[in-house]
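Visitor: Can you walk me through this one? I'd like to start with where the chains meet.

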Amino acid sequence: MNAHPMNRCITIALSGNPNSGKTTIFNNITGTRQKVGNWPGVTVEKKEGLIHRFGFDLKIIDLPGTYSLTPFSIEEIVARDYVLEARPDVVIDIIDASNLERSLYLATQLRELGRSKVMFALNMSDVARARGFKIDGAKLSELLDVPVVSTIGNKNEGVERLLEKAVELALSDKPPEFRRKVRYSQDIETAIASLDRLLQACMSPALDYDTRWTAIKLLENDPIVRKRLLEQAEEHAEQIATETDQLRQVLSQRFNDEPEIVMTDERYGFIAGIMKEVFTISSRQRVDISRNIDLVLTNRFTGFPIFLFFIWAMFQLTFTLGAYPMEWIEAGVTLLSTGVERLLPPSLLREMLVDGILAGVGSVIVFLPNILILFFCIALFEDTGYMARSAFLMDKIMHLIGLHGKSFIPMLMGFGCNVPAIMAARTLESEKDRILTILITPFMSCSARLPVYIVLAGAFFDAHAGTLIFVIYLLGIATAILMGRLFRSTLLRGADAPFVMELPPYRVPMLKSLMIHMWERSKMFLKKMTGVILVGSVLVWALSAFPRTVTYSRNYAEAMEQVRVEYAQRLAADDDARAALTAERDARLQELRWSRQSEAAERSLMGRLGKLVAPVFAPLGIDWRGGVALLTGFAAKEIVVSTMAVLYAVEDGESGDALGRALVSSGMTPLAALSMMVFVLLYVPCLATIATIRRETASLKWTAFSVFYMTGVAWLLAFVVFQGGRLLGFQ
Amino acid sequence: MIQLSVLKEGHRAVIVRIGGQGTLRRRILEMGLTKGTEIYVEKYAPLRDPMELIVKGYHVSLRVEEAAQITVEPINPPA
């Protein structure tokens with residue numbers, strides 16, 4: 001991994017604050033030659049690109065955007081560990097020149113690490129100039145011993161020179177040496193020195209990292225560094241721990257504050273000193289466009305209406321505009337299915353291809369247009385800076401559930417489709433917030449669940465069907481809020497991330513980066529989804545298609561023949577009633593055919609499974625047929641209706657009314673229908689959602705947990721509805 | 001001296017003390033809200049929470065409950 005100039009491969013890591021234009025520069029350097037994945041074990045996006053330049057292979061790593069390297073968030077841990085462990089040849093810190101002072105905090109920490117050679121890109125230097133800022137790059141370079149290159153990322157200016165300088169720096173023999181370091185106050189420096197000496201004396205083999213840095217981190221009570229060091233220190237662990245604690249105590253008393261707070265303060269003091277020497281601001285004040293935009297977009301009166309309009313527009317685009325290509329894809333899949341049916345003779349293979357693979361994968365591929373459009377909109381929100389504003393507007397409301405303002409968009413998207421909604425949770429920075437959002441988003445009733453409600457509510461609550469469906473939606477929201485609060489106070493406790501959020505200036509988005517954003521995320525959807533869906537849909541198909549030979553309770557072929565013979569005789573005898581008799585005959589034949597199909601379903605593996613799980617559904621008032629429909633619903637909610645149609649023996653192509661009538665005549669009560677609707681609302685939405693949860697949490701544990709808890713909640717609430725309703729005398 | 005959370009829109013102040021503890025406190029400091037820093041209250045969100053501040057030339061938002069941990073000395077008169 002550790003690349004040295006010798007083997008002509010140079011590793012360059014890009015680090016920087018969020019909104020510093022880091023990603024734009026990364027995109028400019030690597031173009032489409034980038035690989036997007038996750039950092040091992042966590043859900044933080046990892047981007048890397050391999051390019052060939054100046055006769056070298058350059059491996060460019062885009063580190064997560066962070067404000068500091070204090071290991072609070074996963075992003076910070078990932079970024080710091082990468083520099084510590086993988087030790088890239090050069091770390092380029094992308095600095096937003098129009099936000100120099102705060103950006104220098106991360107820069108100071110990177111220098112303090114002392115692991116890799118560091119250089120700065122003074123990015124967005126045009127914006128800084130426009131705001132009347134003058135930065136003396138040469139002076140900055142001299143003071144901090146780092147090469148400094150001015151860049152304008154979105155115009156691709158200076159990027160080539162940045163790479164050139166980085167390669168030059170990587171090839172130079174000079175080890176990183178920083179003459180001007182952050183000097184802490186006397187007492188702290190004494191403590192650092194004494195710990196430093198202790199570490200040098202005790203640690204053998206010598207510590208892999210800079211001992212001064214390690215001493216600073218120990219004094220700052222950095223849990224990760226402390227734990228690793230003490231594990232490595234073996235018999236000296238206790239001595240180091242006691243010494244550290246003592247020094248911390250002394251310093252706390254001396255400053256009447258924790259050492260890490262004093263040291264953060266002093267780092268900013270050091271930065272203020274640098275700022276004095278390199279930064280001047282001209283007196284002429286320009287109009288701040290971004291501030292003016294916010295006068296409207298986060299205004300007390302216009303803020304919310306405009307926000308709602310944007311959300312509405314995003315919904316419209318995603319689901320209305322997306323409906324057209326969706327139809328084309330559906331038509332394409334149908335065409336393919338017919339083609340396969342024509343080409344191949346009837347066989348098990350053909351059935352599996354058409355009813356299993358094509359039907360299953362087809363049902364997921366149709367989401368692609370939705371996902372592309374949705375991700376385009378989200379990238380637009382993010383790249384312009386509006387995402388931060390939407391969190392600013394919604395935070396008060398979301399905070400009531402223990403969530404961050406940014407959770408609003410994923411949850412809202414859930415009403416359309418849970419798959420893109422869960423993927424939209426990526427915009428949340430805190431992992432706990434993200435997992436919590438992913439766990440409760442499926443309670444937002446997606447559009448695929450609506451047909452089930454329509455059939456059931458239509459059949460049993462005709463006049464009040466609309467109201468009832470509305471109540472079901474509300475129940476989903478209420479459950480999400482309750483579960484959110486429950487998880488926040490149990491499994492995902494305390495991590496309600498502080499809302500110290502930057503509101504970056506509005507920027508005109510670049511089409512190229514929007515496209516890359518959209519495509520990378522959609523590609524991931526396609527790759528992972530098809531795999532899981534392929535296996536899942538073949539499984540569902542196999543369960544309903546096997547065993548191949550069924551022994552029926554009666555001989556249907558014979559019975560149908562009898563009917564035909566009987567009517568042939570009656571028709572011959574009575575010519576006047578021909579039409580009526582034909583109709584009667586066809587109806588009886590149809591009845592037999594459906595009865596046979598229903599029996600076949602009952603005897604298939606799926607049907608047997610249904611009988612097996614019938615006791616589970618009985619307390620909810622749902623019979624085995626409903627149970628089977630719900631089981632197939634794990635694959636996709638659209639299937640619930642079609643399974644019921646088969647099991648309750650309704651002819652293909654007949655309207656939902658027919659199914660409704662069949663349900664009523666099967667003995668299902670309104671209360672049982674309500675219980676079934678509640679169950680459909682709350683249990684796992686579909687295989688694609690499960691696969692997405694797996695993908696986004698990068699954890700089998702959370703995936704399994706979400707499947708079981710959602711099903712559990714569904715069962716419990718349906719039970720309460722059905723049994724409670726019975727106690728209250730409803731039917 | 002007052003809590004930052006009661007400072008009105010359009011008013012300036014200098015940070016005197018950051019209270020609270022743990023992650024939040026350190027995070028606030030790392031974002032540049034250190035002792036002696038001048039801040040300007042740009043606005044409150046439509047639901048009166050969170051609030052938007054200008055610090056060291058950039059815009060940052062804080063929840064009102066978080067801002068209540070910060071003690072400031074108002075600068076008079078507001079610019």
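Visitor: How many residues does each chain put into the contact?
Guide: Chain B gives 28 residues and chain A gives 27, where contact means C-beta atoms, placed from the backbone, within 7 Å. This is a predicted model, in which local features need pLDDT of at least 70, side-chain atom pairs count only at pLDDT 80 or more, and totals for chains, interfaces and linings use all residues. Residues are numbered from 1 along each chain as its sequence is written, with chains lettered from A and ligands numbered from 1 in the order in which they are written.

Visitor: Which element gives the most on the chain B side?
Guide: H1(B), with eight residues. Helices (H or I, at least four residues) and strands (E, at least two) are DSSP runs, numbered from the N terminus.

Visitor: And what pairs with S5(B)?
Guide: Strand S10 (residues 501–502) of chain A, antiparallel over two bridges; pairing requires at least two DSSP bridges. Val60(B) is the bridge partner of Glu502(A).

Visitor: Switching topic: at what angle do H7 and H8 of chain A pack?
Guide: About 120 degrees, with the axes 8 Å apart. Axes are lines fitted to C-alpha atoms, for helices over the stretch in contact, and angles run from 0 to 180 degrees between N-to-C directions. That makes H7(A) oblique to H8(A); under 35 degrees is roughly parallel, over 145 roughly antiparallel, 65 to 115 roughly perpendicular, and the rest oblique.

Visitor: Which residues make that contact?
Guide: Among them are Leu195(A) and Leu199(A) of H7(A), and Ala215(A) and Leu219(A) of H8(A).

Technical notes. Contact = placed C-beta atoms within 7 Å.
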